[in-house]
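Subject: Structure handover and findings

Hello,

Here is the structure you were expecting. My notes on it follow.

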Amino acid sequence: MTMKTTESVAFGVPDLEEALDYYCGVMGFEEVRRNNDWIELSTGTLKVYLCPPDGHTPCLNVDVDDQEAAVAKLCENGAKVYSRTESEVFVEDKYGHCFCVSVAQ
């Protein structure tokens, strides 16, 4: 089983619009898309997602071929699942770092 990070990370920010102004105005990033929960920014190589703070950011994305096996392996080695959606499993590793485990597409 292979786990590979993607070129994306989520940052929790208290005010999405204020953070958008900062990251675009000060750092020169560009808004790519958004929904009610997050804003995606183009930064060059890395995609940055601005989202409300939930105590689990920054959060890196990890693509896997077998999500359940990957999550089981992580949990057997000290990680904890803290959230699930239909297609993503969010885990905190034993060092407190957060990962979104997704099936590679």
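Does Val 13 count as buried or exposed? Please keep in mind throughout that this is a predicted model. Val 13 has a relative accessibility of 9%, and because buried means under 20%, this residue counts as buried. Val 13 sits in the loop that leads from strand 1 to helix 1. Leaving aside residues up to four places away in sequence, Val 13 touches Ala 19, Leu 50, Cys 51, Pro 52 and Pro 53. Tyr 23 is ten residues from Val 13 in sequence, and their C-alpha atoms are 11 Å apart.

The sheet

Eight strands make up an open sheet with mixed pairing, in the order 2-3-4-1-5-8-7-6. The edges are taken by strand 2 and strand 6; each has a single partner strand, so one side of each has no neighbour in the sheet. From one strand to the next, the twist averages 30 degrees.

At the strand 2 edge, four bridges pair strand 2 with strand 3 (residues 39-42) in the antiparallel sense. Within this pairing, Glu 31 stands opposite Leu 41 of strand 3. Helix 1 packs on the sheet and touches strand 1 (3-12), strand 2, strand 3 and strand 4 (47-51). The direction of helix 1 makes about 0 degrees with that of strand 3.

At the other edge, strand 6 (residues 80-84) runs antiparallel to strand 7, and four bridges join them. Lys 80 stands opposite Glu 92 of strand 7, and Val 81 stands opposite Val 91, also in strand 7. The connection from strand 6 to strand 7 is a hairpin through three residues.

Strand 7 is also joined to strand 8 (residues 98-103), by five bridges and again antiparallel. Here Glu 92 stands opposite Cys 98 of strand 8. This pair of strands forms a hairpin as well, with five residues between strand 7 and strand 8. In that turn, Gly 96 has a positive phi of about 90 degrees. Most residues other than glycine have a negative phi, and most peptide bonds are trans.

How many of the five residues of strand 7 are buried? Four of the residues in strand 7 (residues 88-92) are buried, so the strand is largely enclosed by the rest of the structure. Helix 2 (residues 67-76) lies across strand 1, strand 5 (59-64), strand 6, strand 7 and strand 8. Helix 2 runs at about 155 degrees to strand 8.

A cis peptide bond

The peptide bond from Thr 57 to Pro 58 is cis, and its omega is near 5 degrees. Pro 58 is located in the loop between strand 4 and strand 5.

Salt bridges

The count of salt bridges comes to four. One of them joins the side chains of Arg 34 and Glu 31, at 2.7 Å from N to O. Both residues are partly exposed: Arg 34 has a relative accessible area of 39%, and Glu 31 has 36%.

Arg 33 forms a salt bridge with Glu 40, where the closest N and O atoms are 2.6 Å apart. In this pair, Arg 33 is partly exposed at 44% relative accessibility, whereas Glu 40 is buried, with a relative accessible area of 5%.

Glu 68 forms a salt bridge with Arg 84, and their closest N and O atoms are 3.5 Å apart. Glu 68 belongs to helix 2 and Arg 84 to strand 6, so this pair ties together parts that are 16 residues apart in sequence. Glu 68 is partly exposed, with a relative accessible area of 46%, and Arg 84 is partly exposed at 48%. Elsewhere, Glu 17, Glu 31 and Arg 34 are joined into one network by salt bridges that share partners.

A surface patch

Which residues make the nonpolar surface patch of about 310 Å²? The patch is made by Tyr 22, Val 26 and Met 27. Met 27 lies in the loop between helix 1 (16-25) and strand 2 (30-34). At 42% relative accessibility, Met 27 counts as partly exposed.

Regards

Key
Residues are numbered from 1 along each chain as its sequence is written. This is a predicted model: local features need pLDDT of at least 70, side-chain atom pairs count only at pLDDT 80 or more; totals for chains, interfaces and linings use all residues. Side-chain values use heavy atoms; hydrogens and water are left out. Buried means under 20% relative accessible area, exposed over 50%, partly exposed in between (1.4 Å probe, protein chains only). Helices (H or I, at least four residues) and strands (E, at least two) are DSSP runs, numbered from the N terminus. Two strands pair if DSSP finds at least two bridges between them. Patches are made of residues with over 30% relative accessible area and no salt bridge: like charges are joined within 9 Å, nonpolar side chains (Val, Leu, Ile, Met, Phe, Trp, Tyr) within 5 Å. Accessible areas come from the Shrake-Rupley method with a 1.4 Å probe; for residues, only the protein chains shown count as cover. Axes are lines fitted to C-alpha atoms, for helices over the stretch in contact, and angles run from 0 to 180 degrees between N-to-C directions. Contact means heavy atoms within 4.5 Å.
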